[in-house]
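Reader: I should like to learn how to read the interior of a protein model. Where should one begin?

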Amino acid sequence: MANDRLIYMPLGGAGEIGMNMYVYGYGPRGRESLIVIDAGITFPNPDTMPGVDLIVPDFSWLAERRDRIAGCFLSHAHEDHIGAIGFFCRAARVPVFARQFTQAASRRKIEELGVGTELLRRARPYPEHGQAGPFRVTFVPISHSIPESSALVLECAGGRILHTGDFKIDSSPVVGASFDENLLKAACGEGVSALVCDSTNIFSLREGRSESSVGPELVRLFKSQKGAVAATTFASNIARVKQLAEAGVASGRSIVLLGRAMNRMIALALDNGMIGDFPDVVEPDRARDIPRRHLLLLATGSQGEHRSATSQLSNGKFRGLRLVEGDTFLFSSKTIPGNELPVIRTINKLSEMGVRVIDDSAGIYHVSGHANRPDLARLYDLVKPQLVVPMHGENRHLSAHVAYAKSKGFSSLLIKNGMMLDIGNRQILDRESVDTGYFCLDGQALVPGSNGVLRSRLKMAREGQVSVSIVLRGRSLARRHIRVTVQGVVEDHETGWEQPISAAVAREVEESISSTLDDDNGVERLIQRTVRKTMQLRAGKTPVVSVMIHRI
């Protein structure tokens, strides 16, 4: 139809690293048939989001249009692409298409939230394809740092799109598909209307290295160490974990896997035939009897996650195992932007224990799973897009990617979370863009990031909390019944807090007009103002104040 249009709108991943969720649609304005690519999470900073377990995209816009969603397609099994799939399926109940390994990794996330796994559909790679509404969707094998990663080719009457997902150019990736130029060119046919492309490594100016280059370096390192060696990497990087373990065996060390995620991922890879074998591992309680020079610990927590095996080792021990002076700890990973502080904190703790810490500042023991700048140029030349749309990156990544694409002679637009793009006309639809945010998983509740409870919790962490309980007899105060509890504020060593706060509250209540005391809300506001003023003058704090009013 002449009035049909092809649209694109990211709800997560275009403005941050993580929390990926991308929407495409085709059809008449406001009635487009929609498909979704990925539903990922990111992890909170415990210093700014105390008590929050996970952060997921705000998919309210999609949930309101669930009857128009033809399917959700998962590009690969990293948490920042599938971690929120259970929450999304619970809200929208749409079919989910994924290849075998990604499907297996997603199944548990859907089951845990009580959503039927009948929503899962097995997808097969090119040359096979599936139909979802007006879209023909093809999974194209591509190299990354987890098995069965796929780019997605979307075709409809409005054009053809290549959505790269996360990818790198690697001809020998150890595990998973290699980058196949001919396969990608065949899947893209005579070119694409838009290349929606990974931007993570836009600032890396050298061509990317192959995963297979890491193994020999690991063997040399492990053989040269006299004490125990521990190493961390992303648990989902099956190729790296396998190479670390094989290097440990080659250097005469027994392998210990520490952390549920790493054990789970290796089991998943073996069960689904992604790897044929894995070195024998030793249980942590048996590892205590092995001489330290024959020990390799592979631990979760490369991003400094505070409950991970790496973090607990830096705090003293994990599963009864300790690191001591003379041991070595290797970070075979890249620090994701935003995680620098917890990683540095972990490194400092290990260093204080006398452990030699090796990171990847020299670029020897880690290779990225994302395409560097020269690799992006190679992709442009392969598919010759009419338009380059950067995704998967912070604003600085997206901006730099737009500039780089233009420098190579390609049209490019910066589209951030919530912005809607008309691909055919290459126009940003400002009036149809939406406000985007995120949801926080707080215990068992999924709440908006703007939720007042979360703001109050953060304020309590910074300023403390005061609880005041008073008893009113008619319109007068039973003074002896004022009770004050202060938490999270340094004690006033002269009088304590109860006496000055009680005195201030009693004075304000007794001096207030009678009508104020008839209204519990008015009394509450009066006491809150009084307590905050008192605490500001005496402690420099404005705590959260809760008031309990009893009438007799």
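**The interior, read step by step**

Author: One may begin with the largest nonpolar core, which in this predicted model has 70 residues, and in which Leu62, Ile85, Phe88, Phe222, Leu298 and Leu330 have the most contacts. Helix α7 (residues 238-250) provides the largest share of this core, with six residues.

Reader: Which residues are in contact with Leu298, leaving aside its neighbours within four places in sequence?

Author: Leu298 is in contact with Ala231, Val241, Leu244, Ala245, Ile255, Val256, Leu257, Leu258 and Met262.

Reader: How should one read the burial of a helix, for instance that of α5 (residues 181-188)?

Author: The general idea comes from helix geometry: an α-helix has 3.6 residues a turn, so residues three or four places apart point the same way. In α5, the buried residues are Leu184, Ala187 and Cys188. Viewed down the helix axis, the buried residues of α5 fall within an arc of 95°, so they line one face of the helix.

Reader: What covers the buried residues of α5?

Author: The cover includes the strands β10 (135-141), β11 (150-156) and β12 (159-163), together with helix α12 (373-383).

Reader: Is Val214 buried or exposed?

Author: Burial is judged from relative accessibility, with under 20% as the cut-off. Val214 has a relative accessibility of 0% and therefore counts as buried. This residue lies in helix α6 (residues 214-224).

Reader: Which residues does Val214 touch, not counting those up to four places away in sequence?

Author: Val214 touches Arg209, Arg240, Gln243, Tyr365, His366 and Val367. Of Val214 and Val367 one may add that they are 153 residues apart in sequence, yet 7.4 Å apart in space, C-alpha to C-alpha.

Reader: How many cavities of 30 Å³ or more are there?

Author: The count is three. The largest cavity holds about 80 Å³ of space. It is lined by 14 residues, with His144, Ser145, Pro173, Glu211 and Asn237 the closest to its centre. By character, the lining of the largest cavity divides into six nonpolar, five polar and three charged residues.

Reader: How much space lies in the second largest pocket, and which residues line it?

Author: The second largest pocket contains about 460 Å³ of space. Its lining numbers 20 residues, and those closest to its centre are Ser204, Gly363, His366, Ser368 and Asn372. This lining comprises three nonpolar, ten polar and seven charged residues. His366, one of the residues closest to the centre of this pocket, is also among those that Val214 touches.

Note on methods:
Residues numbered from 1 in each chain as written. Predicted model: local features only at pLDDT ≥ 70, side-chain atom pairs only at ≥ 80, totals over all residues. Heavy atoms only, no water. Core = buried A, V, L, I, M, F, W, Y, C linked by side-chain atoms within 4.5 Å. Buried < 20%, exposed > 50% of the residue type's maximum accessible area, 1.4 Å probe, protein only. Helix = DSSP H or I, 4+ residues; strand = E, 2+ residues; numbered from the N terminus. Contact = heavy atoms within 4.5 Å. 1 Å grid on protein atoms, 1.4 Å probe; cavity = no way out; pocket = protein on both sides within 12 Å on 5 of 7 lines; lining within 4 Å. Points joined across faces, edges and corners; volume = space filled by probe spheres on them. Nonpolar A, V, L, I, M, F, W, Y, C, P; charged D, E, K, R; others polar. Arc of directions from axis to C-beta.
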